[in-house]
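Me: I am new to this structure and would love a close look at one part of it. Could you take me through the aromatic rings and what surrounds them, and then one histidine?

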Amino acid sequence: MKKSSIIVKILLPLLLGGAILYWMYRGFDFNSISHVLFHEMDWTWMLLSFPFGILAQMFRGWRWNQTLEPLGEHPRHSTSINAIFLSYAASLVIPRVGEFTRCGVLKRYDGISFSKALGTVVTERAIDSLLVAGVSGITLLLQLNIFNIFFDRTGTSVDSILNRFSVAGYIVTATCGLSALVLLHFLLKKLSVYNKVKATLGGIWQGVVSLRNVSNIPLFIVFTLGIWVSYFLHYYLTFFCFDFTEHLGIGCAMVTFVVGSIAVLVPTPNGAGPWHFAVKTMLILYGVADEQALYFVLIVHTVQTMLVMILGIWAWVALNFTSIKNIADNKEAITSLPK
């Protein structure tokens, strides 16, 4: 069981990402990369993009503290930010493990409830998904012709997928899903760990609904917008590193950013493979030569992934020098304050 779990969580994402990259770069002259890196690329813009990549993760840490406060949990800002840094680096090894890593860091160093922290992560993901969906919708409307060409060339058609289902097919699928949920409910009742699972889910639910009690909603919105504006600038500034992308404009940047953000949902390390394919395809539609688009996605993704690794190492070192909170003393200090 453990071996199969390792294969599913580590090897399969690596194989998937590797297979896509191999297919994209088969026959590619990798020796030419060094010439582009040292003679054609303007590193000033790449370096200017780094602070925004760091700031995006810091905004996420600050926002996380806001969602934890209504639950009576008060982690240190430095711990939250380092937990975010480390979570992104951990996801390079095992995709999607970062959500659990960051909650584990807060539990270890600041005594934060793991289930409550995980609940706030679920809330964050839902909010971010809504924001990305909204931006994607606006971008789709503004650049509809480009997206139509993209769907045609990649063979993507929502209608063709939905048309495969009849009315009976939808009914059967819904019935099977409902039956599976009912069966799972009764199985959990029979298990000895049911109460523990129920308590954990209760903690997660508290985290999910914590947003309605956030004390400073405007600041929460600022942090949320700050995260995604920083992510975008972290990406957009790399356009000016190359003479074949610097003229494309913010419209192309938005389209490729949205497509890349959707592509990273595929569980590969940092979206390696799907991100390359999606962004490269869109760049070609904007007139970038095939080889130049390959240069762009390979260099930008590699450099930004290295930044994630460096931040993860920084966080790991910093956490090793971080004292573990004495939760009992903190609670005693709080209760002893004059009312």
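Reply: Here is a walk through the rings, followed by a helix and a histidine.

This is a predicted model, in which local features need pLDDT of at least 70 and side-chain atom pairs count only at pLDDT 80 or more, while totals for chains, interfaces and linings use all residues. Residues are numbered from 1 along each chain as its sequence is written, and side-chain values use heavy atoms, with hydrogens and water left out.

A word on confidence comes before the rings. pLDDT is the predictor's confidence in each residue, from 0 to 100; the protein has a mean of 80, and 74% of its residues reach 70 or more. Over residues 328-339 pLDDT stays under 50, and there the model has one contact (heavy atoms within 4.5 Å) beyond four places in sequence.

Now to the rings. Rings of Phe, Tyr and Trp (its six-membered ring) pair if their centres lie within 6.5 Å; planes under 30 degrees apart count as stacked, over 60 as edge-to-face and the rest as tilted. By this rule there are 22 aromatic pairs. One of them joins tyrosine 236 and phenylalanine 240 edge-to-face, with 5.3 Å between centres and 70° between planes. Another, phenylalanine 242 with phenylalanine 244, is stacked, at 5.2 Å centre to centre and 25° between the planes.

How exposed are these residues? Buried means under 20% relative accessible area, exposed over 50%, and partly exposed in between (1.4 Å probe, protein chains only). Tyrosine 236 is buried at 16%, whereas phenylalanine 240 is partly exposed at 22%. Phenylalanine 242 is buried at 2%, and phenylalanine 244 is buried at 9%.

Rings can also have a charge over them: NZ of Lys or CZ of Arg must be within 6 Å of the ring centre and within 35 degrees of the ring normal. Arginine 102 lies over the face of tryptophan 64, 4.2 Å from the ring centre. Likewise, the charged end of arginine 108 sits over the ring of tyrosine 109, at 5.3 Å from its centre.

Finally, the histidine. Histidine 276 belongs to helix H13 (residues 274-285); helices (H or I, at least four residues) are DSSP runs, numbered from the N terminus. Histidine 276 is buried, with a relative accessible area of 2%. A polar atom of its side chain lies 3.2 Å from the backbone nitrogen of glycine 273. Beyond its neighbours within four places in sequence, histidine 276 is in contact with residues including Leu21, Tyr25 and His301.

Methods: Helix = DSSP H or I, 4+ residues; strand = E, 2+ residues; numbered from the N terminus. Polar contact = N/O pair within 3.5 Å; in protein donor to acceptor, adjacent residues only side chain to side chain.
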